[in-house]
Amino acid sequence: MISLKQFTFNPYQENTYILFDETRECIIIDPGTYNGVEQNQLASFIKEQQLKPVLLLNTHCHIDHVFGNKFVFDNWGLKPQFHKGELNLLQAVPGYAPQMGMHYELSPEPETFLPETGSITFGNSKLDLIFAPGHSPAHLCFYAKEENFLIGGDVLFYGSIGRTDLPGGNHQQLIESIKTNLFILPDDCEVFPGHGPSTTIGFEKKNNPFLI
(Lines give C-alpha, C1' and ligand atoms only; values in the text may rest on other atoms or scores of the structure.)
Protein backbone atom coordinates (compact mmCIF):
# COMPACT_ATOMS: atom_id res chain seq x y z
CA MET A 1 0.00 0.00 0.00
CA ILE A 2 1.49 3.32 -1.06
CA SER A 3 1.66 6.17 1.44
CA LEU A 4 2.05 9.74 0.22
CA LYS A 5 3.71 12.76 1.78
CA GLN A 6 3.34 16.18 0.18
CA PHE A 7 5.59 19.20 0.72
CA THR A 8 5.14 22.67 -0.76
CA PHE A 9 8.46 24.27 -1.62
CA ASN A 10 10.18 27.23 -3.29
CA PRO A 11 8.87 30.66 -4.37
CA TYR A 12 6.58 28.98 -6.92
CA GLN A 13 4.76 27.00 -4.19
CA GLU A 14 5.49 23.73 -5.97
CA ASN A 15 4.28 20.42 -4.58
CA THR A 16 7.00 17.83 -3.98
CA TYR A 17 5.92 14.24 -3.27
CA ILE A 18 7.45 11.28 -1.49
CA LEU A 19 5.74 7.94 -2.07
CA PHE A 20 6.64 4.92 0.07
CA ASP A 21 5.27 1.57 1.12
CA GLU A 22 5.71 -1.04 3.85
CA THR A 23 9.17 -2.02 2.52
CA ARG A 24 10.34 1.56 3.40
CA GLU A 25 11.57 2.04 -0.15
CA CYS A 26 10.52 5.45 -1.42
CA ILE A 27 10.52 7.56 -4.55
CA ILE A 28 10.92 11.32 -4.69
CA ILE A 29 8.87 13.12 -7.35
CA ASP A 30 9.62 16.70 -8.49
CA PRO A 31 11.88 17.81 -5.61
CA GLY A 32 11.39 21.56 -5.40
CA THR A 33 13.67 22.20 -2.43
CA TYR A 34 15.11 25.69 -2.83
CA ASN A 35 16.98 26.48 0.39
CA GLY A 36 18.53 24.81 3.42
CA VAL A 37 15.31 24.88 5.42
CA GLU A 38 13.41 23.05 2.70
CA GLN A 39 16.24 20.60 2.14
CA ASN A 40 16.22 19.79 5.85
CA GLN A 41 12.46 19.24 5.81
CA LEU A 42 12.78 16.68 3.03
CA ALA A 43 15.80 14.90 4.49
CA SER A 44 14.36 14.87 8.02
CA PHE A 45 11.13 13.22 6.89
CA ILE A 46 13.06 10.52 5.03
CA LYS A 47 15.28 9.90 8.05
CA GLU A 48 12.45 9.92 10.63
CA GLN A 49 10.39 7.48 8.57
CA GLN A 50 13.51 5.32 7.98
CA LEU A 51 12.93 5.44 4.25
CA LYS A 52 15.31 4.36 1.52
CA PRO A 53 15.07 6.57 -1.59
CA VAL A 54 15.40 4.39 -4.70
CA LEU A 55 14.10 6.63 -7.51
CA LEU A 56 14.05 10.32 -8.40
CA LEU A 57 11.30 11.15 -10.91
CA ASN A 58 10.42 14.40 -12.67
CA THR A 59 7.00 14.82 -14.26
CA HIS A 60 8.63 17.52 -16.39
CA CYS A 61 11.65 19.80 -16.21
CA HIS A 62 10.55 23.36 -15.57
CA ILE A 63 12.75 25.06 -12.97
CA ASP A 64 10.33 24.82 -10.02
CA HIS A 65 10.16 21.02 -10.34
CA VAL A 66 13.92 20.40 -10.58
CA PHE A 67 15.38 22.80 -8.00
CA GLY A 68 16.09 19.86 -5.68
CA ASN A 69 17.45 17.32 -8.18
CA LYS A 70 21.06 18.11 -7.25
CA PHE A 71 20.28 17.87 -3.52
CA VAL A 72 18.69 14.44 -3.98
CA PHE A 73 21.65 13.27 -6.07
CA ASP A 74 24.17 14.54 -3.50
CA ASN A 75 22.38 12.82 -0.62
CA TRP A 76 21.10 9.57 -2.09
CA GLY A 77 23.02 9.16 -5.35
CA LEU A 78 19.90 9.21 -7.52
CA LYS A 79 19.88 10.71 -11.00
CA PRO A 80 16.52 11.96 -12.26
CA GLN A 81 14.36 9.93 -14.59
CA PHE A 82 11.90 11.57 -16.98
CA HIS A 83 10.87 11.36 -20.64
CA LYS A 84 13.73 12.23 -23.00
CA GLY A 85 11.54 14.89 -24.62
CA GLU A 86 12.08 17.00 -21.47
CA LEU A 87 15.89 16.99 -21.64
CA ASN A 88 16.10 20.27 -23.57
CA LEU A 89 13.99 21.92 -20.87
CA LEU A 90 16.35 20.70 -18.15
CA GLN A 91 19.38 21.89 -20.10
CA ALA A 92 17.78 25.32 -20.55
CA VAL A 93 17.32 26.00 -16.82
CA PRO A 94 20.85 27.31 -16.05
CA GLY A 95 20.44 29.87 -18.84
CA TYR A 96 17.26 31.46 -17.52
CA ALA A 97 17.48 30.92 -13.74
CA PRO A 98 19.75 33.96 -13.13
CA GLN A 99 17.47 36.22 -15.20
CA MET A 100 14.65 35.26 -12.86
CA GLY A 101 16.78 36.00 -9.82
CA MET A 102 16.86 32.30 -8.93
CA HIS A 103 19.73 30.33 -7.46
CA TYR A 104 19.93 26.97 -9.23
CA GLU A 105 22.23 24.03 -8.51
CA LEU A 106 22.88 22.08 -11.71
CA SER A 107 20.84 18.89 -11.93
CA PRO A 108 22.56 15.73 -13.12
CA GLU A 109 21.18 14.32 -16.37
CA PRO A 110 19.42 10.95 -16.52
CA GLU A 111 21.10 7.67 -17.23
CA THR A 112 17.64 6.17 -17.78
CA PHE A 113 14.76 7.85 -19.59
CA LEU A 114 11.12 6.93 -19.02
CA PRO A 115 8.92 5.79 -21.92
CA GLU A 116 5.48 7.18 -22.78
CA THR A 117 3.76 4.06 -21.47
CA GLY A 118 4.68 1.30 -19.05
CA SER A 119 5.24 1.27 -15.33
CA ILE A 120 7.71 1.95 -12.56
CA THR A 121 8.15 -0.28 -9.53
CA PHE A 122 9.55 0.31 -6.06
CA GLY A 123 9.20 -1.86 -2.98
CA ASN A 124 5.98 -3.84 -3.44
CA SER A 125 4.36 -1.03 -5.41
CA LYS A 126 3.75 -0.01 -9.01
CA LEU A 127 3.00 3.26 -10.79
CA ASP A 128 1.70 3.40 -14.35
CA LEU A 129 3.09 6.04 -16.69
CA ILE A 130 0.62 8.37 -18.42
CA PHE A 131 1.96 10.59 -21.18
CA ALA A 132 0.29 14.02 -21.05
CA PRO A 133 2.14 16.66 -23.09
CA GLY A 134 0.87 20.21 -23.54
CA HIS A 135 2.15 22.08 -20.50
CA SER A 136 5.58 20.86 -21.54
CA PRO A 137 6.72 18.75 -24.52
CA ALA A 138 6.85 15.32 -22.88
CA HIS A 139 5.12 15.60 -19.51
CA LEU A 140 4.45 12.35 -17.61
CA CYS A 141 1.93 11.64 -14.85
CA PHE A 142 2.25 8.73 -12.43
CA TYR A 143 -0.86 6.66 -11.61
CA ALA A 144 -1.13 4.39 -8.57
CA LYS A 145 -3.87 2.10 -9.86
CA GLU A 146 -4.33 0.06 -6.69
CA GLU A 147 -4.63 3.15 -4.49
CA ASN A 148 -6.40 5.13 -7.25
CA PHE A 149 -4.44 8.37 -7.15
CA LEU A 150 -2.47 10.32 -9.73
CA ILE A 151 0.66 12.42 -9.36
CA GLY A 152 -0.34 14.86 -12.05
CA GLY A 153 2.42 17.47 -12.27
CA ASP A 154 1.29 20.63 -14.05
CA VAL A 155 -1.40 19.12 -16.29
CA LEU A 156 -4.66 19.31 -14.33
CA PHE A 157 -5.31 21.52 -11.30
CA TYR A 158 -8.30 22.13 -9.05
CA GLY A 159 -10.53 24.13 -11.37
CA SER A 160 -7.72 24.87 -13.79
CA ILE A 161 -5.10 23.46 -16.14
CA GLY A 162 -1.36 23.92 -16.64
CA ARG A 163 0.03 27.01 -18.31
CA THR A 164 0.77 26.70 -22.00
CA ASP A 165 2.58 30.01 -22.55
CA LEU A 166 5.98 28.61 -21.54
CA PRO A 167 8.47 27.13 -24.06
CA GLY A 168 7.19 23.78 -25.32
CA GLY A 169 3.61 24.54 -24.27
CA ASN A 170 0.63 23.81 -26.52
CA HIS A 171 -2.89 24.59 -25.30
CA GLN A 172 -4.79 22.32 -27.69
CA GLN A 173 -2.42 19.44 -26.97
CA LEU A 174 -2.89 19.89 -23.22
CA ILE A 175 -6.70 19.80 -23.50
CA GLU A 176 -6.42 16.68 -25.63
CA SER A 177 -4.02 15.01 -23.18
CA ILE A 178 -6.41 15.60 -20.28
CA LYS A 179 -9.53 14.46 -22.09
CA THR A 180 -7.91 11.44 -23.74
CA ASN A 181 -5.40 10.21 -21.17
CA LEU A 182 -6.60 11.47 -17.78
CA PHE A 183 -10.38 11.51 -18.06
CA ILE A 184 -10.36 7.75 -18.71
CA LEU A 185 -9.31 7.26 -15.07
CA PRO A 186 -12.03 6.55 -12.47
CA ASP A 187 -14.10 9.57 -11.41
CA ASP A 188 -13.02 9.10 -7.79
CA CYS A 189 -9.30 9.05 -8.68
CA GLU A 190 -7.59 11.69 -6.54
CA VAL A 191 -5.25 13.98 -8.46
CA PHE A 192 -2.25 15.41 -6.62
CA PRO A 193 -1.04 18.30 -8.80
CA GLY A 194 2.24 20.22 -9.01
CA HIS A 195 0.63 23.28 -7.40
CA GLY A 196 -2.37 23.84 -5.16
CA PRO A 197 -4.81 21.42 -3.53
CA SER A 198 -5.75 17.95 -4.71
CA THR A 199 -8.90 17.29 -6.72
CA THR A 200 -10.64 14.35 -8.40
CA ILE A 201 -11.10 13.38 -12.02
CA GLY A 202 -14.90 13.40 -11.64
CA PHE A 203 -14.97 16.88 -10.10
CA GLU A 204 -12.87 18.33 -12.91
CA LYS A 205 -14.99 16.65 -15.61
CA LYS A 206 -18.05 18.42 -14.24
CA ASN A 207 -16.64 21.72 -13.03
CA ASN A 208 -13.38 22.67 -14.76
CA PRO A 209 -14.17 25.69 -16.97
CA PHE A 210 -11.34 24.81 -19.37
CA LEU A 211 -12.69 21.33 -20.01
CA ILE A 212 -16.46 21.51 -20.04
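Which residue caps the N-terminal end of α1? Asn35 does the job: one of its side-chain oxygens sits 3.2 Å from the backbone nitrogen of Val37. That counts as a polar contact, meaning a pair of N or O atoms within 3.5 Å, where within protein one must be able to donate a hydrogen and the other to accept it, and residues adjacent in sequence count only if both atoms are side-chain atoms.

Before going on, a word on what you're looking at. This is a predicted model, so local features need pLDDT of at least 70 and side-chain atom pairs count only at pLDDT 80 or more, while totals for chains, interfaces and linings use all residues. Residues are numbered from 1 along each chain as its sequence is written, and side-chain values use heavy atoms, with hydrogens and water left out.

Let's take the whole chain. Its secondary structure comes to six helices and 13 strands; these are DSSP runs numbered from the N terminus, with helices being H or I of at least four residues and strands E of at least two. For 212 residues, a compact globule would have a radius of gyration near 17 Å, and the chain's 16 Å agrees (taken over C-alpha atoms; the globule rule is 2.2 Å times the number of residues to the power 0.38). Along the principal axes, the C-alpha trace spans about 45 × 45 × 30 Å. Of the residues, 53% count as buried, where buried means under 20% relative accessible area, exposed over 50%, and partly exposed in between (1.4 Å probe, protein chains only). Among contacts (heavy atoms within 4.5 Å) between residues at least 6 apart in sequence, 63% join residues at least 24 apart.

Back to α1, residues 36-48. At 1.5 Å a residue its 13 residues should span 18 Å, and the end C-alpha atoms are indeed 18 Å apart; the expected span is 1.5 Å times one less than the number of residues. Its buried residues are Glu38, Gln39, Leu42, Phe45 and Ile46. They cover an arc of only 135 degrees around the axis, which puts them on the same side of α1; the arc is that of the directions from the helix axis to the C-beta atoms. The spacing rule behind this is familiar: an α-helix has 3.6 residues a turn, so residues three or four places apart point the same way. What covers the buried residues includes β1, β2, β3, β4 and α3. Turned away from that side are the exposed Val37, Asn40, Lys47 and Glu48. After the helix comes Gln50, with a positive phi near 55 degrees.

Gln50 isn't alone in that list of phi values. Most residues other than glycine have a negative phi. Gln13, in the loop between β1 and β2, has a positive one of about 55 degrees. Arg24, in the loop between β2 and β3, is at about 75 degrees and is partly exposed, with a relative accessible area of 30%.

Now for the open sheet. Its six strands run in the order β6-β7-β8-β9-β12-β13, with mixed pairing; two strands pair if DSSP finds at least two bridges between them. The edge strands are β6 and β13, each pairing on one side only. β9 and β12 run parallel, joined by four bridges, and Phe149 stands opposite Glu190 in β12. β12 then pairs with β13 in the antiparallel sense over two bridges, with Val191 opposite Thr199 and Glu190 opposite Thr200. In that hairpin, which has five residues between the strands, Gly196 takes a positive phi near 80 degrees.
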